[in-house]
There are 4 protein chains.
Amino acid sequence: MQRFALIGAGFIGAVHAASLAAHPEVDFVGVHDVDTTRAGTLATRFGARVLDGAEVFDASHLDAVFIASSTDTHAQHLRSAADAGLAVLCEKPIAADLAEAVAVSEHVRASGVPAMLDFNRRFDRDHAELQRVVASGGVGDVELMQLTSRGPSLPPSEYLRSSGGQLRDQTVHFFDLVRWISGQDPVSVFATGSALVDPSIREFGDVDTSVTTLTLPSGALVQIDSVRRTGYGYDERIEVMGATGLVESGRNRRGNLTRYSAGHVVLDGLHDGWFERVQPTYAATLAAFVAALEAGVEPPVSLDDGIRAQAIAEAASRSLTSARTEAIDYP
Amino acid sequence: MQRFALIGAGFIGAVHAASLAAHPEVDFVGVHDVDTTRAGTLATRFGARVLDGAEVFDASHLDAVFIASSTDTHAQHLRSAADAGLAVLCEKPIAADLAEAVAVSEHVRASGVPAMLDFNRRFDRDHAELQRVVASGGVGDVELMQLTSRGPSLPPSEYLRSSGGQLRDQTVHFFDLVRWISGQDPVSVFATGSALVDPSIREFGDVDTSVTTLTLPSGALVQIDSVRRTGYGYDERIEVMGATGLVESGRNRRGNLTRYSAGHVVLDGLHDGWFERVQPTYAATLAAFVAALEAGVEPPVSLDDGIRAQAIAEAASRSLTSARTEAIDYP
Amino acid sequence: MQRFALIGAGFIGAVHAASLAAHPEVDFVGVHDVDTTRAGTLATRFGARVLDGAEVFDASHLDAVFIASSTDTHAQHLRSAADAGLAVLCEKPIAADLAEAVAVSEHVRASGVPAMLDFNRRFDRDHAELQRVVASGGVGDVELMQLTSRGPSLPPSEYLRSSGGQLRDQTVHFFDLVRWISGQDPVSVFATGSALVDPSIREFGDVDTSVTTLTLPSGALVQIDSVRRTGYGYDERIEVMGATGLVESGRNRRGNLTRYSAGHVVLDGLHDGWFERVQPTYAATLAAFVAALEAGVEPPVSLDDGIRAQAIAEAASRSLTSARTEAIDYP
Amino acid sequence: MQRFALIGAGFIGAVHAASLAAHPEVDFVGVHDVDTTRAGTLATRFGARVLDGAEVFDASHLDAVFIASSTDTHAQHLRSAADAGLAVLCEKPIAADLAEAVAVSEHVRASGVPAMLDFNRRFDRDHAELQRVVASGGVGDVELMQLTSRGPSLPPSEYLRSSGGQLRDQTVHFFDLVRWISGQDPVSVFATGSALVDPSIREFGDVDTSVTTLTLPSGALVQIDSVRRTGYGYDERIEVMGATGLVESGRNRRGNLTRYSAGHVVLDGLHDGWFERVQPTYAATLAAFVAALEAGVEPPVSLDDGIRAQAIAEAASRSLTSARTEAIDYP
């Protein structure tokens, strides 16, 4: 049984609270949030306590802490957890600044606490099956990968302004998937993009529709498209072509009803929102972390995985401006 | 908030216990089972108490009771719940004997307690969408329905011996679906079957592979096939053809991975077992019952629905022997 | 090279003329029709001659004759071809009357000429693959078959009046497919039907929507549904479930375009008419006949196959009236 | 009726000969080839004559000429046809050298003869439907296009050596599709590639696996992947995402058989070869050219379309070396 505290009682904090409460090997001790009212509501709902800033890192009654607070607090909370000797599961990114992320990561590593970054898409049932097929040689040597990341609606302008741009904020998940699925660290990247949905975001250098090309050390090529707003729901898709075949984690429809009429066959559409598609991955991510803690093995996603995905996003963002292939430097 | 007791702590009782514990409007008070050890284990797991035979019908601390005990106890528990003034949700059937089922149903109706039969397949997401399409005229007047009910493995011989036969035990769910989807009570039935998987079940007059044809008052026709053991997993499928189109609640695959190789495209298969396919319907059924209680309206499936499906099964079973169309008599 | 005459220059005659003209091993000599103008038009279009009633059976300049004239002339033309020593490919049925069909078939067999009935659906690419899978044990022993035969529109009343009824006219093709795919002659049949599209056809005892259940000697069961008019195009589908798996020749859509919009995914619909779906089978049927002639082997569909399918249709038609299972007597 | 001569009696010439012979509005007069034996065989098979180098451009007995000879002869034959006043349908490219192509195109335009380039993929049934959907605003303003061009096997080294490289030889068809579908001329291009199948082709600067990114004047983005050898057959796919939806011309499977077994659903695979997939487009291309001639309107694909696609290929080929975005200059 692992005793957990949760930091952050916002939307995603509430999602994690439900996972913590439902997991049979987790004792969900308490919630901390700078907004104590919000923390209280969430704690009550799941039979946990409200924890203050000291209690949430008190190893006498905790084994692990789940960091789901705002991005700018991740680094500090990671350091605190490490100093307290608590295992830590953290939402991405470690820190918006890559150098800071590296420093924190080294601090945590030095402490020896188990740490995992919440790259939840690795725990999507279909993506995980795809990774197993590729890793076990099911399509032969990887030659071409295509990843589609398309959200249904543009986030608010304030969010975008502090997001670091589409490639660092949205595409970074898929940079991680590329590394994980291929088992390779891309060597170079080209990216280009447009602000088609809201031209005003160009003012702070952002794009809402972009395509990225990565080259792997083996010469294999990767195409990623990132879209902030589709007209047809949430669309996420991965295909991997190898020398002997292709495997695809396809678009997910929200149901399996089919209607035939004159001239047309109509199926249920894609999910309206990203959350409906992604929801099952949160509990699966937590389960993987808990299983690692119970088994005393390394969690399946490291802080270094986060740093490497971030390094790709940095190079991709440079390419957006330079209009040329950029080498990727991993710290 | 509805205070519930659960009767029956076997496999399906445990499924319902999880639904009761997770429902935000339910206070899961306690569990009763003739096997008190089993009841205790389940109660502990979900933070409920063990209730004895009197406590489980005590309206001073309960609003509703969920009957998930063995089939031969349903009738008595339904009467007890009615006498205690408790709302009741009951696994099918009311009673194996149709006359007894009618008597119990009338007893419950006279008491005025809300009662619902757990025809859970009505709460399958796709089946429910299909019913809405048909009921709203989406395919025009119904002309032809096809229902497929195929389990992955033959139940044990002891189970089959006391099951009443495939049509009463397995197909009865689909007789209910026909009535619900078409909004009509079938007038006649023809059925034929074979014992292809285990010829020895012929000794007690049973079949493991059967087809049933129903005629609705409108002249519309219905084909149902019932199979106890497939070689390819659990297969449930409904299609409804009307004058202007067709709607289908299709076979459900367990994932959405696709593999292309020379000559073939391989998709994830159907679910291995019935439970994986049907699981979400249990919580949905409970939710519908609770919603009806909270709103003070009739629950969406009545005991009479159970009796009518059973009456169809009786006539179908007669046809199996007579090799001719049998009229259906509803009590 | 096989020298062919064609009898019948109507719609289906024109289809066969195109196949004859395009086949590299066929010398399309001429066309005969009681309407010589129609024969002339067709002959001109495909570089053939008009043949009179004697020339069309003249073995000095012909090897084979293709009978595509009206149903009531098939028997006589088959006898003439046999007497002339010409190989013969004939549209179904041999004769509307089963006894007459048997007599003609024996006459042709006695003559020793190669003869084939044009059960063209056996030459559908997908159906033929399905048959190979089943025949090679790909699904284990056959346990359950489902066949769907649904046309897009009700034929004219005059046609229906002389058609012999839906089971003899439409379903007979699928009785043949059942025999061919299962490799078994059904032993008994139950059928029921309704006149839902045009109630007036009840006056001459016909139905437009019917379901048929066949039992094979192995105990395997077969469901066939026959529909004269759908609201969604031409629908033909076969599935065969065996002890170890299932194989399906699915609904054919007219193209492969997919449109995603909010809430829906829209595919190309089924073919509007039966001809678009079935067209490629005509050339394939001819090719199979020519290949048999060239190889000096028995053609793949015999006149006896026609008689056996007709015998099933007779028993099924009796069941429509008797409302009970009827034994099938093969002549 | 249009009188046609065919130049070139190789593999693709034979394909066009069959189309010419089958078209009801075409009088297939004769065939010219430097290999007169080959020309004779083809002429005999389709009831045409062998034409010498003068006869094939003799407007006294011809209306049009179809150029299907080797690439290096296209330019000269186009000039000869123009000088003779013959309509001309020509395989791509006009000339390997872009400047030469421009000169020839201007010569032909000046002559006033109807001329069409055989960009046959525009006449694929699904691609053409997709184009209509996009052009009619069915997905809103185009924002992102993805095109997949994957052949099943690497062409012989000699072919590759003189092909101009993958982007000029294979991808050029898809550059044309991009222009046609979007109705826009791309402004810039980035391409990168690898020699994964046969590293030796790097010696002459070629690649066998490449990805190309185009930017349209509207800011819309295009991703194209080009693969010479897959392990799973011939794969061609187009999707167009607009502001309100997405339309896809999907992977084509060679049949519609589905097999269910434990754990898997197996569909028919993609076509083994490119020709099976593309074959119907040849007759459709010819039909469109003939229809334009009969109607006296401009053929639907101009020589200028060929030049523009070639100009994109030139810029893309430059990018392969420069590793940066290249502007596209249209002559």
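This is a chat about how chain A meets chains D and B in a predicted model.

Me: Let's start with D and A. How many residues does the contact take from chain D and from chain A?

Reply: The contact takes 41 residues from chain D and 41 residues from chain A, and in this predicted model the two chains bury about 3,000 Å² between them, with 54% of that area on carbon and sulfur atoms.

Me: Why quote an area for an interface?

Reply: The size of an interface is often given as the accessible area lost when the parts come together.

Me: OK, and how many salt bridges are there between chain D and chain A?

Reply: The count is six salt bridges between chain D and chain A, and one of the pairs joined in this way is Glu239(D) with Arg150(A), whose closest N and O atoms are 2.9 Å apart. There are also 14 residue pairs in polar contact between chain D and chain A, counting pairs with both residues at pLDDT 80 or more.

Me: Which elements of chain D give two or more residues to that side?

Reply: They are the strands S7 (142-150), S8 (188-194), S9 (209-215), S10 (221-227), S11 (235-242) and S12 (246-249) of chain D. Of these, S9(D) gives the most to the side that touches chain A, with six residues. Sorted by class, the residues of that side of chain D divide into 13 nonpolar, 19 polar and nine charged.

Me: What turn lays chain D on chain A?

Reply: A turn of 180 degrees, with a shift of 0.0 Å along the axis, lays chain D on chain A with an RMSD of 0.0 Å. That is the relation of a two-fold axis. Among the residues of chain D, Arg324(D) comes closest to this axis, with its C-alpha at 2.0 Å.

Me: And why do the copies meet through the same surface?

Reply: The interface residues of chain D are, to 100%, also interface residues in chain A, so the copies meet through the same surface.

Me: Switching to B and A now. How much area do they bury?

Reply: Chain B and chain A bury about 1,700 Å² between them, 43% of it on carbon and sulfur atoms. In chain B, the residues that lose the most area to chain A are Asn256(B), Leu257(B) and Tyr260(B), which together account for 32% of what that side buries. The contact takes 24 residues from each of the two chains.

Me: How many salt bridges there?

Reply: Between chain B and chain A the count is two salt bridges, and Asp268(B) forms a salt bridge with Arg125(A), the closest N and O atoms being 2.8 Å apart. Helix H5 (125-135), strand S12 (246-249) and strand S13 (257-261) of chain B each supply at least two residues of the side that touches chain A. By class, that side of chain B has six nonpolar, ten polar and eight charged residues.

Me: What rotation superposes chain B on chain A?

Reply: A rotation of 180 degrees with 0.0 Å of shift along its axis superposes chain B on chain A, with an RMSD of 0.1 Å. In chain B, the C-alpha nearest that axis belongs to Ala22(B), which is 4.5 Å from it.

Me: Last topic: which residues of chain A does UniProt list as a domain?

Reply: The unreviewed UniProt entry lists residues 128-247 of chain A for "domain: GFO/IDH/MocA-like oxidoreductase". In the model, the end C-alpha atoms of residues 128-247 of chain A lie 12 Å apart, and the span is 25% helix and 33% strand.

Terms used: Residues are numbered from 1 along each chain as its sequence is written. Chains are lettered from A and ligands numbered from 1 in the order in which they are written. This is a predicted model: local features need pLDDT of at least 70, side-chain atom pairs count only at pLDDT 80 or more; totals for chains, interfaces and linings use all residues. Side-chain values use heavy atoms; hydrogens and water are left out. Copies are superposed by least squares on the C-alpha atoms of residues with pLDDT of at least 70 in both. Contact means heavy atoms within 4.5 Å. Buried area is the accessible area (1.4 Å probe) that two parts lose on being put together, summed over both. A salt bridge is a side-chain nitrogen of Lys or Arg within 4 Å of a carboxyl oxygen of Asp or Glu. Helices (H or I, at least four residues) and strands (E, at least two) are DSSP runs, numbered from the N terminus. Ala, Val, Leu, Ile, Met, Phe, Trp, Tyr, Cys and Pro count as nonpolar, Asp, Glu, Lys and Arg as charged, and the others, Gly among them, as polar. UniProt positions are given in the numbering used here, feature names are shortened, and annotations may be inferred rather than shown by experiment. A polar contact is a pair of N or O atoms within 3.5 Å; within protein, one must be able to donate a hydrogen and the other to accept it, and residues adjacent in sequence count only if both atoms are side-chain atoms.
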